[in-house]
Amino acid sequence: MGLKISEISIDSSTEKKPNTPSSKGSLKELMNKDIQLFGSNWGLKQKEAFYSELFVLLSSGLDIKKTLSVIASNRKKKRDQILIQEIENTIINGASLSQAIQQSNKFSDYEIFSLKIGEESGKLNPILKELSLFYAKGLKYKQQLVSALTYPIFVIGFAVLVVFFLLKYLVPLFSDIYKKFDGKLPKITQTIINLSDWLAVNGFSLFLILVGLIFILYLQRHKIWFRKSFAFIILRFPVFGPIIKKIYLARFAQSMYLLLNARVPLLRSVELVQRMVGFYSIESSLKKAKQDILKGKSLYQAIAGNPLYPQQFSALIEIGEETGKLDDMFQKLSKQYSEEVEQQTAVISSLIEPILIISLGIVVGIILVAMYMPLFQMSAGIG
């Protein structure tokens with residue numbers, strides 16, 4: 001067919017897909033990809049495109065079966081085509097869209113419940129549009145998180161490799177020279193030589209321990225203790241902790257907006273967001289909030305005492321509940337925190353680059369000066 005779904009976009013004055021900066025673009029693009037190594041669930045990009053195409057084609061007057069057929073034919077990956085065809089076949093056998101998506105086991109309760117509400121209320125198209133914009137936002141938050149962490153991790157990793165190379169190959173050359181002399185070496189020189197000797201003996205064992213530790217932590221990544229510890233550490237991480245916190249608060253606010261805007265009851269919305277937000281601190285706070293709401297408290301009262309939520313965040317929720325416009329308030333919070341993250345990430349990126357480069361230069365300089373210092377002293381003595 002001649003229709004190019006990939007060229008169709010949802011027009012919205014408030015929602016735009018972020019453009020990845022050209023500088024350091026290749027590294028960011030690699031880390032931004034939705035790589036599914038373990039598991040078959042669709043990533044953010046696939047779901048954003050799927051809901052966007054559903055909205056555009058259904059709004060143009062096509063029926064659901066023809067729409068799914070068109071979407072499947074425009075998919076490049078065979079597994080995507082098979083999934084969409086399975087959904088289409090389930091609908092042909094008499095199921096609704098929400099039931100077909102549920103039977104595929106590739107979508108969350110959040111999506112299934114939203115689509116079911118849309119079908120029952122006769123507002124499926126607006127729900128599809130909101131889901132598309134939601135996953136576009138999700139991509140944006142992911143890119144913000146990657147942007148905040150990618151470059152520092154890259155530079156620190158590069159610095160470790162440079163220091164390792166100097167200790168492993170350069171320092172031993174000087175050490176062999178100095179062993180031929182009986183003179184006492186400066187303390188800093190001797191310390192670096194001792195570190196190099198220790199690395200030569202224990203370097204491989206240290207590497208195996210680090211790889212094993214990373215592998216064990218990866219296997220434990222879904223355990224409660226790991227997720228709790230990770231959230232505790234990441235929120236208290238200097239400079240980046242507050243940014244990461246705002247990213248997850250923006251995600252929480254955006255999720256609540258979508259559900260409340262679809263007229264999902266508050267308690268059900270909190271329960272669904274708790275399952276999908278993907279951050280232990282917010283999940284645990286929402287679990288407690290859900291119990292408080294069941295006891296008759298408002299959402300504001302349920303989260304007001306939690307230090308995770310800023311006072312302004314809680315206050316705006318209180319205003320939203322009092323005015324009956326809680327969904328609009330969550331939309332404003334999502335936009336506000338997203339913009340703050342963009343601004344802070346840009347500032348930190350511009351500041352941290354020279355700091356990391358200077359720090360790397362200082363470490364390398366100390367090693368080089370320590371190695372050449374005995375030669376300078378011998379030259380001075382001969383002079």
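**Note on a predicted helical model**

1. Helix H4 (residues 78-92) and helix H5 (residues 97-104) pack at an angle of about 130°, and their axes lie 9 Å apart. This is a predicted model, and the values in this note should be read with that in mind. Angles from 65 to 115 degrees count as roughly perpendicular and those over 145 as roughly antiparallel, and the pair H4 and H5 is therefore described as oblique. As H4 passes H5, the crossing is right-handed. On the H4 side the contact is made by Leu 83, Ile 87, Thr 90 and Ile 91, while H5 contributes Leu 97, Ala 100, Ile 101, Gln 103 and Ser 104. Sorted by character, the residues of this contact comprise six nonpolar, three polar and no charged.

2. Gln 81 is also part of H4, and a student may ask whether this residue should be called buried or exposed. Its relative accessibility is 19%, and since buried means under 20% relative accessible area, Gln 81 counts as buried. If its neighbours within four places in sequence are left aside, Gln 81 is in contact with Ala 72, Arg 75 and Lys 76.

3. The next pair along the chain is H5 with helix H6 (residues 109-121), whose axes come within 8 Å and cross at roughly 165°. Angles over 145 degrees count as roughly antiparallel, and H5 and H6 are therefore placed in that class. The crossing of these two helices is left-handed. Leu 97, Ser 98, Ile 101 and Gln 102 of H5 meet Ile 112, Leu 115, Lys 116 and Glu 119 of H6, and the residues of this contact divide into four nonpolar, two polar and two charged.

4. H6 also packs against helix H11 (residues 266-276), at an angle of about 145° and with the axes 9 Å apart. Here Asp 109, Tyr 110 and Phe 113 of H6 make the contact with Arg 268, Leu 272, Arg 275 and Met 276 of H11. The residues of the contact of H6 with H11 fall into four nonpolar, no polar and three charged.

5. Which residues touch the most other members of the largest nonpolar core? Within this core of 77 residues, they are Phe 50, Phe 252, Ile 282, Phe 313 and Phe 330. Helix H10 (residues 240-261) supplies the largest share of the core, namely 14 residues. Not counting residues up to four places away in sequence, Phe 50 touches Trp 42, Leu 68, Ile 71, Arg 75, Ile 84, Ile 101 and Phe 107. There is also a second, separate core of 15 residues, which includes Ala 159, Leu 185, Ile 367 and Met 371.

6. Tyr 169 is found in helix H7 (residues 124-178), and its relative accessible area of 49% makes it partly exposed, because the exposed class begins only over 50%. Although Tyr 169 and Ala 200 are 31 residues apart in sequence, their C-alpha atoms are 9.6 Å apart in space.

7. Finally, some totals for the protein as a whole. The protein has 15 helices and zero strands, and 42% of its 383 residues count as buried. Among contacts between residues at least 6 apart in sequence, 66% join residues that are at least 24 apart.

Terms used
Residues numbered from 1 in each chain as written. Predicted model: local features only at pLDDT ≥ 70, side-chain atom pairs only at ≥ 80, totals over all residues. Heavy atoms only, no water. Helix = DSSP H or I, 4+ residues; strand = E, 2+ residues; numbered from the N terminus. Buried < 20%, exposed > 50% of the residue type's maximum accessible area, 1.4 Å probe, protein only. Contact = heavy atoms within 4.5 Å. Axes fitted to C-alpha atoms, helices over the stretch in contact; angles between N-to-C directions. Parallel < 35°, antiparallel > 145°, perpendicular 65-115°, else oblique. Left-handed = near helix turned anticlockwise from the far one by under 90°. Nonpolar A, V, L, I, M, F, W, Y, C, P; charged D, E, K, R; others polar. Core = buried A, V, L, I, M, F, W, Y, C linked by side-chain atoms within 4.5 Å.
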